[in-house]
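Take a moment to look over the chain before reading on, and follow it from one end to the other. The paragraphs below go from the overall layout to single residues.

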Amino acid sequence: MKWSRKQEPSLKPNDVRLTRSEEIEEIIAVGVELGVLRSDQFDLDPCAHEHRPTPRTIQKKHLSASWNGLRGDWFGDVFVNPPFSDLSSWCYKSMVELDCKRIFSVSMIVPNTTLERPCVQDLIYKKIDYSPQAVIYPLERRRPFIHPDTMEEMKRPPFGITIIYRWSTFRAS
């Protein structure tokens with residue numbers, strides 16, 4: 001699969017946000033129940049804030065000026081809360097990582113309002129690794145995010161959130 005999307009993140013002010021611990025716990029619990037996640041934590045969050053690690057994530061690589069999630073190789077079970085203004089780059093990067101068998105799974109947060117976008121449709125339905133395996137899991141009610149500087153809840157977004165679980169049939173130990 002050739003990935004031709006830009007590899008530099010372009011951020012808007014509302015793109016910088018953290019996922020609350022409660023949502024991380026729910027995303028992990030559902031992923032384990034579905035058999036998508038191999039354990040009760042993620043191996044990587046390529047969109048993590050440099051100074052605020054994502055809860056329940058073994059962050060072997062930290063985002064910095066020298067490494068960003070669109071350029072670096074991913075590994076293991078990956079959690080992605082992408083910048084919504086650049087959702088297509090992150091969807092296509094997830095597909096490349098699955099196709100190259102560098103990751104076991106991706107659990108990505110997307111706004112409900114984007115489920116019909118081609119990039120999201122490709123992440124859900126495009127044949128990767130010889131068998132498409134995806135689950136769409138809408139979270140109940142609109143959920144707030146956390147501001148990374150103040151660590152306070154931000155205003156709830158005007159849309160609901162869906163988790164797309166996508167995994168590979170490739171399962172190395």
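What follows is a walk through a predicted model, beginning with the chain as a whole and ending with a few backbone details.

The secondary structure of this chain consists of 3 helices and 4 strands, and if you trace them from the N terminus onward, they come in the order α-β-α-β-α-β-β. Of the 173 residues in the chain, 50% are buried, while the accessible surface amounts to about 8600 Å², with 51% of that surface belonging to carbon and sulfur atoms. How much of the contact within the chain joins residues that are 24 or more positions apart? Among contacts with a separation of 6 or more, such pairs account for 72%.

Helix H1 is a good place to start, with its 14 residues and a reach of 20 Å from the first C-alpha to the last, which is close to the 20 Å expected at 1.5 Å a residue. Its buried residues are Glu23, Ile24, Ile27, Ile28, Val30 and Gly31. Looking down the axis of H1, you would find these buried residues within an arc of 165°, and so they line one face of the helix. The cover over the buried residues of H1 includes the strands E1, E2, E3 and E4. Just after H1 comes Gly35, whose phi is positive, at about 80°.

Helix H3, which spans residues 118–125, can be read in a similar way: Cys119, Val120, Leu123 and Ile124 are its buried residues. Seen down the axis of H3, the buried residues fall within an arc of 135°, so that they too line one face of their helix. Pro118 and Tyr125, on the other side of H3, are exposed. Which elements take part in covering the buried residues of H3? They include helix H2 together with the strands E2, E3 and E4.

The aromatic side chains offer another path through the model, for the structure holds 4 aromatic pairs. One of these pairs is formed by Trp74 and Trp90, whose rings are stacked, with 6.4 Å from centre to centre and 20° between the planes. This pair links distant parts of the chain, since Trp74 lies in the loop between H1 and E1, whereas Trp90 belongs to helix H2, and the two are 16 residues apart. Trp74 and Trp90 are both buried.

Another pair, that of Phe84 and Phe159, is edge-to-face, with its ring centres 6.0 Å apart and its planes at 70° to each other. Here again distant parts of the chain are linked, for Phe84 lies in the loop between E1 and H2 and Phe159 in the loop between E3 and E4, with their positions 75 residues apart in the numbering. Phe84 and Phe159 are both buried, and together with Phe145 they form one aromatic cluster. A charged side chain joins this picture as well: Arg17 lies over the face of Phe84, at 3.7 Å from the ring centre, and Arg17 also lies over the face of Phe145, at 5.0 Å from the centre of that ring.

Returning to helix H2, we can look at Glu97, which lies in this helix. Is Glu97 buried or exposed? Its relative accessibility is 0%, and therefore Glu97 counts as buried. Setting aside neighbours within four places in sequence, the residues in contact with Glu97 are Gly72, Asp73, Trp74, Arg102 and Ile103. Trp74 in this list is the residue that stacks with Trp90 in the pair described above.

Finally, the backbone deserves a careful look, because most residues other than glycine have a negative phi. Lys101, in the loop between H2 and E2, has a phi near 60°, which is a positive value in a residue other than glycine. With a relative accessible area of 33%, Lys101 is partly exposed. Met151 lies in the loop between E3 and E4, and its phi is likewise positive, near 60°. The relative accessible area of Met151 is 42%, and Met151 is therefore partly exposed.

Definitions and conventions
Residues are numbered from 1 along each chain as its sequence is written. Side-chain values use heavy atoms; hydrogens and water are left out. Rings of Phe, Tyr and Trp (its six-membered ring) pair if their centres lie within 6.5 Å; planes under 30 degrees apart count as stacked, over 60 as edge-to-face and the rest as tilted. Buried means under 20% relative accessible area, exposed over 50%, partly exposed in between (1.4 Å probe, protein chains only). A charge sits over a ring if NZ of Lys or CZ of Arg is within 6 Å of the ring centre and within 35 degrees of the ring normal. The arc is that of the directions from the helix axis to the C-beta atoms. Contact means heavy atoms within 4.5 Å. Accessible areas come from the Shrake-Rupley method with a 1.4 Å probe; for residues, only the protein chains shown count as cover. The expected span of a helix is 1.5 Å times one less than its number of residues.
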